[in-house]
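Here's a quick briefing to read alongside the coordinates. Have the viewer open and follow along.

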Amino acid sequence: QTLRVGDGGRLHPKMPPIPVALVEPGRYFVLRGDTRLDGAEAKQGDYFCITWGFYLDSISARITRLLTRSRFDYNPKFVNTMGYGPAITEPVSFVMERKMLLGIKQRAEAAYQRRVVNQN
């Protein structure tokens, strides 16, 4: 809720954080990780890069849409394609992101209902 550029967002407690690249509170934030930029000892030509953005689109006074977009880039060697590409990363990301978005939806709707009840 108080993210700043350079803070880290974790996909899993045991994974390293992905740095926040852009943020405008109440509007959007973008995570961007790139093994070529983090000081890791990557082999020449080996890399993995992810960009994941979260955007709030105000539809009306009572409705806001949350949009997410992600992009993966990696050295297209066979081993990387199998580990990072369509075979594993994309299906796992889809399942994880869907579950995350459903959880956010549930919490947002519950918070809205609590506000409505408290106003009455």
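What follows covers confidence, the sheet, the helix packed on it, and the pockets.

This is a predicted model, with a mean pLDDT of 84 across the protein. The core picture is an open sheet of 5 strands, with helix α2 lying across β4 and β5. If you're after pockets, the largest has a volume of about 1,300 Å³, and the second largest holds about 710 Å³.

**Confidence**

- A pLDDT of at least 70 is reached by 92% of the residues.
- β2 comes out on top at 93, while α1 has the lowest confidence, with a mean of 74.
- As a rule of thumb, coordinates shouldn't be read in detail where pLDDT is low.

**The sheet**

- Going across the sheet, the strand order is β1-β2-β3-β4-β5, and the pairing is antiparallel.
- β1 (8-9) and β5 (64-74) are the edge strands; each has a single partner, so one side of each has no neighbour in the sheet.
- In general, strands in a sheet pair through backbone hydrogen bonds.
- β3 (residues 28-34) pairs with β4 (residues 48-58) over 7 bridges, in the antiparallel sense.
- To find that pairing on screen, look for Leu-31 opposite Trp-52 in β4, and Val-30 opposite Gly-53 in β4.
- β4 and β5 also run antiparallel, joined by 11 bridges, and a hairpin of 5 residues links the two.
- Two bridge pairs to pick out between β4 and β5 are Ser-58 with Thr-64 and Phe-48 with Tyr-74.

**The helix on the sheet**

- α2 spans residues 89-119 and lies across β4 and β5.
- Relative to β5, α2 runs at about 160°.

**Largest pocket**

- The lining comes to 38 residues, and those nearest the centre are Phe-29, Leu-56, Leu-66, Ile-104 and Ala-108.
- Each of β1, β2 (18-24), β3, β4, β5 and α2 puts at least two residues into the lining of this pocket.
- α2 gives the largest share of that lining, with 11 residues.
- For the chemistry, count 22 nonpolar, 7 polar and 9 charged residues in the lining.

**Second largest pocket**

- This pocket's space is about 710 Å³.
- It is lined by 25 residues, and Leu-11, Met-15, Ile-18, Phe-48 and Ile-50 sit closest to its centre.
- Phe-48 is also the residue whose bridge partner in β5 is Tyr-74.
- At least two lining residues come from each of β2, β3, β4, β5, α1 (78-84) and α2.
- Which element supplies the largest share of the lining of the second largest pocket? That's α2, with 5 residues.
- By class, the lining of the second largest pocket has 15 nonpolar, 6 polar and 4 charged residues.
- One thing to keep in mind here is that α1, which contributes to this lining, is where confidence is lowest, at a mean of 74.

Note on methods: Residues are numbered from 1 along each chain as its sequence is written. This is a predicted model: local features need pLDDT of at least 70, side-chain atom pairs count only at pLDDT 80 or more; totals for chains, interfaces and linings use all residues. Side-chain values use heavy atoms; hydrogens and water are left out. Two strands pair if DSSP finds at least two bridges between them. Helices (H or I, at least four residues) and strands (E, at least two) are DSSP runs, numbered from the N terminus. Contact means heavy atoms within 4.5 Å. Axes are lines fitted to C-alpha atoms, for helices over the stretch in contact, and angles run from 0 to 180 degrees between N-to-C directions. On a 1 Å grid over the protein atoms alone, a cavity is a set of points where a 1.4 Å probe fits but cannot get out, and a pocket is an open set with protein on both sides within 12 Å along at least five of seven lines; lining residues have an atom within 4 Å of a point. Grid points are joined across faces, edges and corners, and a volume is the space filled by probe spheres set on the points. Ala, Val, Leu, Ile, Met, Phe, Trp, Tyr, Cys and Pro count as nonpolar, Asp, Glu, Lys and Arg as charged, and the others, Gly among them, as polar. pLDDT is the predictor's confidence in each residue, from 0 to 100.
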